[in-house]
Amino acid sequence: MNLNWPLMSNNITREDLNVVIEFLNKEPILTQSKNVKAFEEEWSKWLGTKYSIFVNSGSSANLIALSALKQTSGLGEIIVPTLTWVSDIASVIQTGFTPVFVDINPRNLCMNDCEVIKKINKNTKGVFITYAQGFNGLTANLLSALSEKRIPLIEDVCESYGATFKGNKLGSFGLMSNFSFYFAHHMSTIEGGMISTNDNCLYQLCRMFRSHGMVRELNDEQLKNKYIEENPELDPDFIFAFPAYNMRNNEIGAVLGRNQLKRLDKNNQKRKKNFKIFLDNLNPEKYRTDFNLEGSCNYAFNLVTKSQNLKFCERIMQKLREVGVEFRRGSAGGGNQLRQPYLKKLAGDEEYKKYPETEHIHFFGCYIGNYPDLSEDKILSLCNFLNAID
Ligand SMILES: Cc1ncc(COP(=O)(O)O)c(C=O)c1O
């Protein structure tokens with residue numbers, strides 16, 4: 001049997017490519033221009049925020065968001081999950097913040113809200129939540145504690161766009177939110193990312209961070225004129241406000257993004273349906289099936305064994321390989337980040353042991369791709385196959 005099941009499939013379609021070809025035939029400007037602007041506006045409308053900034057990756061979105069936060073709030077501690085993508089923690093370290101770690105809630109793979117609240121102190125400058133693999137991680141408890149203590153929430157929605165909390169899209173709750181359009185995600189602009197916010201000051205900062213710290217990137221004329229007046233000896237087109245980056249995307253990415261956005265909601269409905277079929281047909285004696293699906297929108301099937309039997313896990317992974325099912329062990333970002341060399345030096349060799357829920361996913365969890373063109377029969381064959389492994 002070969003199930004021929006890659007991690008992601010058909011995420012850039014023939015139709016997307018035809019739209020790009022049609023665009024190229026007009027011999028257009030290819031660097032950041034009208035389509036980038038239009039994609040940003042359409043994305044903001046879809047998400048329910050005022051402003052968005054299209055960048056070249058989700059990791060760039062992470063780094064720009066943290067850089068902008070540093071400008072507005074100064075340095076201190078940022079609360080992060082142990083189960084996340086490397087750039088969520090790297091961006092915290094690179095900008096000079098101190099990461100403070102929190103274990104996950106096994107039912108949604110996001111930070112345990114009670115633990116987040118416990119770790120807030122006078123040095124906390126933000127909570128940088130990762131919605132892992134399509135699950136909602138917000139609770140009323142967390143949001144009210146953050147608002148009471150005036151702690152900004154930065155949302156990493158790279159793996160979960162389309163997921164909601166109380167009917168509103170994740171990414172519309174925090175001070176800023178980040179998205180990735182890498183191939184393996186809900187939609188793709190080849191490489192790409194977005195930062196969204198309702199705050200004009202942060203929006204202006206992010207625009208500058210994306211483009212060398214250049215003042216001409218500001219679209220707040222008053223602010224732009226202030227810089228120009230304060231620097232009469234400089235060419236207004238070449239004023240650099242602070243050390244920054246070049247993390248712009250381009251018109252081809254934006255044309256792809258605009259076309260993909262048209263079918264995102266429909267594709268997400270199919271993904272939700274697929275995930276439910278998967279969980280409903282897995283053997284709950286062997287695998288965790290009690291994920292909290294309220295508001296979730298997963299591009300992954302989470303396969304987590306109930307027991308902590310490494311040999312059983314090895315057998316599952318070997319059998320998946322044999323039938324051509326691609327998977328990633330440890331789920332989001334390779335499992336417990338504190339086991340990674342880049343963090344061991346900073347957090348200490350033993351720190352990873354303090355996060356048992358993340359440890360369980362690290363050793364006994366993996367994810368398999370969930371995409372719109374999967375048929376019910378194919379999902380059922382996978383479930384039967386997995387249920388038969390002892
Ligand atoms: C949660 C999360 N944040 C950030 C990123 C980084 O996105 P990119 O690959 O576009 O840099 C990823 C990538 O997969 C991710 O899963």
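This text describes the ligand site, the pockets and the cavities of a predicted model.

The ligand is a suitable starting point. The space that the ligand takes is the largest pocket of the protein. Around the ligand stand 15 residues, of which Gly58, Ser59, Asp156, Glu159 and Ser180 come nearest. By class, this shell comprises 3 nonpolar, 9 polar and 3 charged residues. Two helices, H3 (58-73) and H4 (86-94), each supply at least two residues of the shell. H3 gives the most, with 3 residues.

Polar contacts can be followed atom by atom. At Gly58, a polar backbone atom is 2.8 Å from an oxygen atom of the ligand. At Ser59, a polar side-chain atom lies 2.5 Å from an oxygen atom of the ligand. His185 also takes part through its side chain, with a polar atom 3.0 Å from a ligand oxygen atom. As for the cover that the ligand receives, the ligand taken alone exposes 390 Å², and the protein buries 92% of that area.

The pocket itself may now be considered as a space in the protein. The volume of this largest pocket is about 530 Å³. It is lined by 29 residues, and those closest to its centre are Trp85, Tyr182, Ala184, His185 and Tyr299. His185 thus appears both among the residues closest to the pocket centre and as a side-chain partner of a ligand oxygen atom. The lining draws at least two residues from each of H3, H4 and strand E11 (327-329). The largest share, 3 residues, comes from H3, the helix that also gives the most to the shell around the ligand. Sorted by class, the lining has 10 nonpolar, 13 polar and 6 charged residues.

A further pocket deserves separate attention. The second largest pocket has a volume of about 280 Å³. Among its 16 lining residues, Lys37, Glu40, Tyr203, Arg207 and Asn219 are the closest to the centre. Helix H2 (34-47), strand E1 (51-55) and helix H7 (200-210) each contribute at least two residues to this lining. The largest share is that of H2, with 4 residues. Lys37 and Glu40 fall within the range of H2, and Tyr203 and Arg207 within that of H7. The lining of the second largest pocket divides into 3 nonpolar, 5 polar and 8 charged residues.

Enclosed spaces complete the description. The model contains 3 cavities of 30 Å³ or more. The largest cavity holds about 40 Å³ of space. Its lining consists of Leu303, Thr305, Cys313, Ile316, Met317, Phe364, Gly365 and Cys366. Helix H10 (310-322) and strand E12 (365-369) are the elements that give two or more residues to this lining. H10 gives the most, with 3 residues; Cys313, Ile316 and Met317 lie within its range. Gly365 and Cys366 belong to the range of E12. In the lining of the largest cavity, 6 residues are nonpolar and 2 are polar, and no charged residue is present.

Definitions and conventions: Residues are numbered from 1 along each chain as its sequence is written. This is a predicted model: local features need pLDDT of at least 70, side-chain atom pairs count only at pLDDT 80 or more; totals for chains, interfaces and linings use all residues. Side-chain values use heavy atoms; hydrogens and water are left out. On a 1 Å grid over the protein atoms alone, a cavity is a set of points where a 1.4 Å probe fits but cannot get out, and a pocket is an open set with protein on both sides within 12 Å along at least five of seven lines; lining residues have an atom within 4 Å of a point. Grid points are joined across faces, edges and corners, and a volume is the space filled by probe spheres set on the points. Ala, Val, Leu, Ile, Met, Phe, Trp, Tyr, Cys and Pro count as nonpolar, Asp, Glu, Lys and Arg as charged, and the others, Gly among them, as polar. A residue is near a molecule or strand if one of its heavy atoms lies within 4 Å of it. A polar contact is a pair of N or O atoms within 3.5 Å; within protein, one must be able to donate a hydrogen and the other to accept it, and residues adjacent in sequence count only if both atoms are side-chain atoms. Accessible areas come from the Shrake-Rupley method with a 1.4 Å probe; for residues, only the protein chains shown count as cover. A molecule sits in a cavity or pocket if more than half of its atoms lie within 2 Å of its grid points.
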